[in-house]
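Me: I'd like a close look at one part of this model, with whatever sits around it. Take your time and keep it informal.

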Amino acid sequence: MASLDPDDPRAPYLQVAGGLRAAIRSGEYSPGAQLPTYQELADSWGVAINTAKAAVTLLRDEGLVVTRHGKGSFVRTQPADGESPSRDGGGDERVWQAIAEIRRRLTDIERRLDQR
């Protein structure tokens, strides 16, 4: 796997999700393949387990993976309803980046208000 890019403005979970997404699209993780555990992802990327969970949740929400309780997360063998197998997802990435930036700014504003 990769590690976080300190020059990348995206939130860590977006970087991890982007790395996993690229690995899925390149065939490193083929349809039906199991993704590394949250702990393995956290260790290989140098992030917290919750960051790894957020990354996998994002991919699940995008329809790229399915998570089976107690079993792990797996690359989907078929696209989610209404999606094509060649879905680019580039636009989705920009939306998530914007949401992460808005969350960061909101947290900063709330912190300032609490200090008053």
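Which helix does R112 lie in? And once that's settled, which residues of α3 are buried?

Reply: Quick housekeeping: this is a predicted model, where local features need pLDDT of at least 70, side-chain atom pairs need 80 or more, and totals for chains, interfaces and linings use all residues. Numbering runs from 1 along each chain as its sequence is written, and side-chain values use heavy atoms, with hydrogens and water left out.

R112 lies in α4, residues 90-115 (helices are DSSP runs of H or I, at least four residues, and strands are E runs of at least two, both numbered from the N terminus). R112 is exposed, at 52% relative accessible area (exposed is over 50%, buried under 20%, partly exposed in between, with a 1.4 Å probe and protein chains only). Its side chain makes a polar contact of 2.6 Å with that of D108 (an N or O pair within 3.5 Å; within protein, one atom must be able to donate a hydrogen and the other to accept it, and sequence neighbours count only if both atoms are side-chain atoms).

Now α3, your main target. It has 13 residues and reaches 18 Å from first C-alpha to last, close to the expected 18 Å (1.5 Å times one less than the number of residues). Its buried residues are T51, A52, A55, V56, L58 and L59. They share one side of α3, because their arc around the axis is only 150° (taken from the directions from the helix axis to the C-beta atoms). Over on the other side, N50 and D61 are exposed. After α3 comes G63, with a positive phi near 85°.

α2, residues 38-45, brings L41, A42 and W45 as its buried residues. These cover just 100°, so they too sit on the same side of their helix. Their cover includes α3 (49-61) along with α1 (12-26), where contact means heavy atoms within 4.5 Å. Just past α2, G46 also takes a positive phi, about 70°.

α1 has a charged residue to look at as well: R21 is found there. R21 counts as buried, at 5% relative accessibility. The R21 side chain joins that of E62 through a polar contact of 2.8 Å.

One more arginine for the tour: the charged end of R68 sits over the ring of F74, 4.6 Å from its centre (the rule asks for NZ of Lys or CZ of Arg within 6 Å of the ring centre and within 35 degrees of the ring normal).
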